[in-house]
Amino acid sequence: MRFLHTSDWHLGRSFHRVNLLSAQRAFLDHLVETVRAREVDAVLVAGDVYDRAVPPLAAVELFDDALHRLAGLGVPTVMISGNHDSARRLGVGSGLMERAGIHLRTDPADCGTPVLLADAHGPVALYGLPYLEPAMVRDTLGARRADHAEVLGAAMERVRADLAGRPAGTRSVVLAHAFVTGGAVSDSERDITVGGVASVPVAVFDGVDYAALGHLHGCQTLTERVRYSGSPLAYSFSEAEHRKSSWLVDLDADGAVHAERVDCPVPRPLARIRGRLEQLLEDPGPARHEDSWVEATLTDPARPHEPMARLLKRFPHLVSLVFDPDDGPTRSLASYAQRLRGRSDQEIAEDFVEHVRSGRAADEQERAELRSAIDEVRVDDMAAEVAR
């Protein structure tokens, strides 16, 4: 059976205030054409269909159009909600959609209920594990603790229990939206740290033939059977070196995995350039980036006059300007966003405590209290999204 594994569409997201709707439409055109041309048997979408809980109408219309086109091809689609999605909103109408071959898995209670497909070699059970916010799903799944490893482990126990009752030779696929140990992060993923821990061990997926992961935006292989497809578009300059693609996965009669990367269309390449303003304006080297989306880091000792306007004449798609002087106290002049890049909510809170106390860092009890407060706010936010 052949699957196309994709995730993290983030429909409705912009890139440094640049509207990406046309680029997202081009990706979905590419996806539908790949399904048709490569004779795909099922499409797997591992979460973060939308960029926020209440997406703009244009993003909803784009999603609706993609589902109609996939259903028109007669190819089943299995998708789960991610941490950016509102699970309840995404799941509205799922019963009716299932009749058209669109299988939305947004309810944690359904983790052990598969979508059943079959090919010439027998049945394939596909289990959708939506993003599991530990404090909100612990009781539903019967997990011992409210952390990512425990709730995902409890969900996988349900998967294995169901699979054990199926006919011998039934092959299995799991879709999950999580941060799995060994995965490489980028700046555009929302922090999901709970209790100071965000990742889960790859061994949690032992016992299934393929795990189609979402959440991390870089396409990567953790094991032959556990892979991230990554996002189809770059959503931060930290992804400038990413090769955006989906996985075309063939599952043979014995459950062996054969995977091929299928490149996604690139609306415009990304480039990070660095140097003094006059150097960036005059040197021939950066000319190759004149048609790219550009992040320019200026190293002039003093802030130049109208740098953005001047750089835009050479780089018309410049969208980000950073100052990092090569002389003087660079840390104090770095932008706020630059200083926070790559840091978790917990690390930012601990840095603040250390700053306001003139260098005295938070002790273990204070760090625990900060973790508890951050977790509580995250749960409250998700509960508010569910209630809307």
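Two strands pair if DSSP finds at least two bridges between them. Keep that in mind as you explore this predicted model.

**Stop 1: a pair of strands**

Start by selecting residues 2-6, which form strand β1, together with residues 42-46, which form strand β4. These two strands pair in the parallel sense, and four bridges link them. To see one of those partnerships, pick L4 and look across to β4: its bridge partner there is V43.

**Stop 2: the sheet around them**

Now widen the view. Which order do the strands of this open sheet follow? Reading across, you pass β6, β5, β4, β1, β15 and β16, six strands with mixed pairing. The edges are β6, at residues 102-105, and β16, and each of these pairs on one side only. On average, neighbouring strands of this sheet are turned by 20° against each other, direction ignored.

**Stop 3: a helix across the sheet**

Next, select residues 21-37, which is helix α1. Which strands does α1 lie across? They are β1, β4, β15 (residues 245-251) and β16. Compare its direction with that of β1: the helix runs at about 170° to that strand.

**Stop 4: an arginine in a loop**

Follow the chain to β16, residues 257-263, and on into the loop that leads to β17, residues 270-275; R268 is in this loop. Show its side chain and look for two polar contacts. One, of 3.0 Å, is with the side chain of D291, and the other, of 3.1 Å, is with the side chain of H317. If you leave aside neighbours within four places in sequence, the residues in contact with R268 are D291, S292, W293 and H317.

**Stop 5: an enclosed strand**

Finally, select residues 210-214, strand β12. Is this strand largely enclosed or open? Five of its five residues are buried, so β12 is largely enclosed by the rest of the structure. Turn the view to see both faces covered: Y210, A212 and G214 are buried on one side, and A211 and L213 are buried on the other.

Then add the partners of β12. Strand β9, residues 171-177, pairs with β12 in the parallel sense over five bridges, and here V173 stands opposite Y210. Strand β14, residues 226-228, also runs parallel to β12, joined to it by three bridges. For a landmark between β12 and β14, find A211, which stands opposite V226.

Conventions
Residues numbered from 1 in each chain as written. Predicted model: local features only at pLDDT ≥ 70, side-chain atom pairs only at ≥ 80, totals over all residues. Heavy atoms only, no water. Polar contact = N/O pair within 3.5 Å; in protein donor to acceptor, adjacent residues only side chain to side chain. Contact = heavy atoms within 4.5 Å. Buried < 20%, exposed > 50% of the residue type's maximum accessible area, 1.4 Å probe, protein only. Axes fitted to C-alpha atoms, helices over the stretch in contact; angles between N-to-C directions.
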